[in-house]
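Here are some exercises to work through with the model open beside you. Try each task before reading its solution.

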Amino acid sequence: DEHTFEHYVYFLYCPTLLYRSSYPRSSSIRWTTVVHYLLETASCTLYTYVVFERYCVPEYKRSALEPYSIQAFVLSIFSSMLPATLVFLLGFFGILHCWLNAFAEITQFADREFYSDWWNAKSFSEYYRSWNGVVYDWLHAYAYQDVVIFFTTRVKIDKRRSRIIGSLVVIWLSSVFHEYIIACAMAFRNHRFSNIFMWSMLLIGNGLLMILYSREWYARHNNQRDFQYSHDWTKFFKPHSLDFLFQNITQYV
């Protein structure tokens with residue numbers, strides 16, 4: 001198919017990361033639906049701000065001023081679990097559902113399967129494949145398949161091992177980009193309890209993620225002079241908020 005500048009401009013605004021010369025299109029734009037999705041996006045943004053100001057910021061300010069201890073750190077994680085998970089759900093609904101559907105309606109983009117039923121996932125591999133279809137399709141098309149083909153044809157590794165290497169590369173790329181986004185902003189087997197286990201890990205993981213980034217921000221904010229006048233570049237990569245943990249460990253070694 002012929003590729004034109006018009007195709008490229010459309011690709012910049014349609015809710016997909018895969019460039020194609022043509023996409024499935026809807027027949028018309030429902031502007032009431034667009035307004036509905038945009039209002040939901042604004043509501044999610046406002047609610048996220050309220051959750052941060054009401055539940056997150058006071059806890060992080062308090063924990064940053066307290067003497068560092070293992071007990072205070074664990075308590076901060078548990079107090080951050082529900083607010084962090086709520087922020088995660090608001091971000092998912094506001095971006096992957098409301099924002100992308102609004103742009104899909106404006107651009108008449110008909111393929112709107114931006115996510116699947118990840119809340120019913122019984123393993124983390126199933127969760128990662130279903131919770132963000134836009135990014136997953138891009139990683140599968142431009143990273144996973146190329147890695148599998150390279151190791152199968154060039155390195156002469158069997159297909160099963162090539163798929164394992166491809167999966168590891170995709171996980172690494174995804175973690176790097178997600179880590180970059182968060183930093184700039186501040187296979188279990190199936191059984192009856194696997195979905196409960198996945199949600200438990202999401203709760204703990206979101207709480208741990210929020211408290212680690214917040215404590216690190218406050219640790220660096222309270223010691224800005226050390227970063228401004230220091231020529232030691234390793235300070236920018238060292239987790240200063242975890243110094244207390246290393247100090248407590250060395251006391252028992």
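## Exercise 1: Helix α5

The buried residues of α5 are G133, V134, L139, A143, Y144, V147 and V148, where buried means under 20% relative accessible area, exposed over 50% and partly exposed in between (1.4 Å probe, protein chains only). This is a predicted model, in which local features need pLDDT of at least 70, side-chain atom pairs count only at pLDDT 80 or more, and totals for chains, interfaces and linings use all residues. Residues are numbered from 1 along each chain as its sequence is written, and side-chain values use heavy atoms, leaving out hydrogens and water.

Task: find where α5 bends, and by how much.

Solution: Take the angle between axes fitted to the seven residues ending at a position and the seven starting there. For α5 this gives a bend of about 40° at H140.

## Exercise 2: Salt bridges

Task: which residues do salt bridges that share partners join into one network?

Solution, step by step:

1. Look for a side-chain nitrogen of Lys or Arg within 4 Å of a carboxyl oxygen of Asp or Glu. The structure holds 3 such salt bridges.
2. E105 pairs with R30 (3.0 Å, N to O). This pair links distant parts of the chain, 75 residues apart: E105 lies in helix α3, and R30 in the loop between α1 and α2.
3. E105 also meets R112 (2.7 Å, N to O). E105 is buried at 1% relative accessibility, whereas R112 is partly exposed at 23%.
4. R161 and D158 form a salt bridge too (3.6 Å, N to O).
5. Shared partners thus join R30, E105 and R112 into one network.

Key: Helices (H or I, at least four residues) and strands (E, at least two) are DSSP runs, numbered from the N terminus.
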